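Work through the exercises below with the sequence and the coordinates open, and try each task before reading its solution.

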Amino acid sequence: MKLVFAGTPEVAVPALDALIASGRHEVAAVVTRPDAPAGRGRRLVASPVAERAEEAGIEVLKPVKPRDEDFLARLREIGPDACPVVAYGALLPRVALDVPAHGWVNLHFSLLPAWRGAAPVQHAIMAGDEITGASTFLIEEGLDSGPVYGTVTEEIRRTDTSGDLLTRLAFAGSGLLVATMDGIEDGTLKAVPQPADGVTLAPKITVENAHVDWSAPALRVDRMVRGCTPAPGAWTAFRGERLKLIHATPVPERTDLAPGELSVGKNNVYVGTGSYAVELLWVQAQGKKPMRTADWARGVRIASGERLGA
């Protein structure tokens, strides 16, 4: 089939690479978000998908909105059979959805209908799920509600951050997306409506959502830190400033600390929760680089009885 691929961040690149490498389908163009300011100089930078497409000699379309007439005219001119999508980042209007004969097929990083929305991997970790996966589905105008072509499952490991898990899903999902395109082309694959039961939502996690509540149990704190790493980053307050929590681990044998209370040893920093303590391994103070928590604690000279979150 002739394909127009839509995607923006690094997590979409493995799927684009897999479609290019398949040899069965032609990636005629790529749709991605416009160049965005990045870095200290805030200069405009192309998306990872745009950079990869340009390296491969593929036409890149960067509409401000996918309902822009110039974009729609070019899309119709290309005449794709299907438009595979991975983390494009913009809502597709009906006028765009109707262009390809086989529609727009999204690779979503959850087992639908669970975790519909912008942050499925983060929410799966924060909820304590043991299994997640990826799904390919036909995009409708509803939120991730279209019929499903196929799924692949992935275990959530005990120490997974959302970054770790998303990387694995990006590669596992790329094979699923290629297989979905193959099945659509040869007519062996039909989309199945999602069940009405089991729908959960995964809205974008804001910085405010990532504020750690030390009165919560240790396992919930651990899931919050892992689910919010690398973005937006779990955080707490210390001496009136924000402290980002990068890596923590529950310590069931420490039950002597009140929620938020710090205990500092030579090479360890513990903090109390609503159940037992967690050990903080890596943190990032405001305006500083990430560092081992023991080094941070030596630098700030934590006094006896000081707490996080106050």
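Helices (H or I, at least four residues) and strands (E, at least two) are DSSP runs, numbered from the N terminus. The model is predicted, so that local features need pLDDT of at least 70 and side-chain atom pairs count only at pLDDT 80 or more, while totals for chains, interfaces and linings use all residues. Residues are numbered from 1 along each chain as its sequence is written, and side-chain values use heavy atoms, with hydrogens and water left out.

**Exercise 1. Peptide bonds and backbone angles**

Task: Find which peptide bond from alanine 231 is cis or trans, and place proline 232 in the chain.

Solution: Begin with the general expectation that most peptide bonds are trans and that most residues other than glycine have a negative phi. The bond from alanine 231 to proline 232 is cis, with omega near 0°, and proline 232 belongs to the loop between α7 and β10. Next, take threonine 229 and proline 230, which are also joined by a cis peptide bond, with omega about 15°; proline 230 lies in the loop between α7 and β10 (234-238).

Then turn to phi, which is positive, near 50°, at aspartate 144, a residue of the loop between β8 (131-138) and β9 (148-155). Arginine 301 has a positive phi near 55° and sits in the segment after α8 (293-300).

**Exercise 2. Buried or exposed**

Task: Decide whether aspartate 144 is buried or exposed, and do likewise for arginine 301.

Solution: Apply the cut-offs, by which buried means under 20% relative accessible area, exposed over 50%, and partly exposed in between (1.4 Å probe, protein chains only). Aspartate 144 has a relative accessible area of 12% and is therefore buried, whereas arginine 301, at 71%, is exposed. Valine 199, in the loop between α6 (162-186) and α7 (218-227), counts as partly exposed because its relative accessibility is 35%.

**Exercise 3. The second largest pocket**

Task: State which helix gives the largest share of the lining of the second largest pocket.

Solution: Recall that a pocket, on a 1 Å grid over the protein atoms alone, is an open set of points where a 1.4 Å probe fits, with protein on both sides within 12 Å along at least five of seven lines, and that lining residues have an atom within 4 Å of a point. The lining includes Ala124, Asp129, Arg157 and Arg226. Both α5 and α7 supply at least two of its residues, and the largest share, 4 residues, comes from α7.
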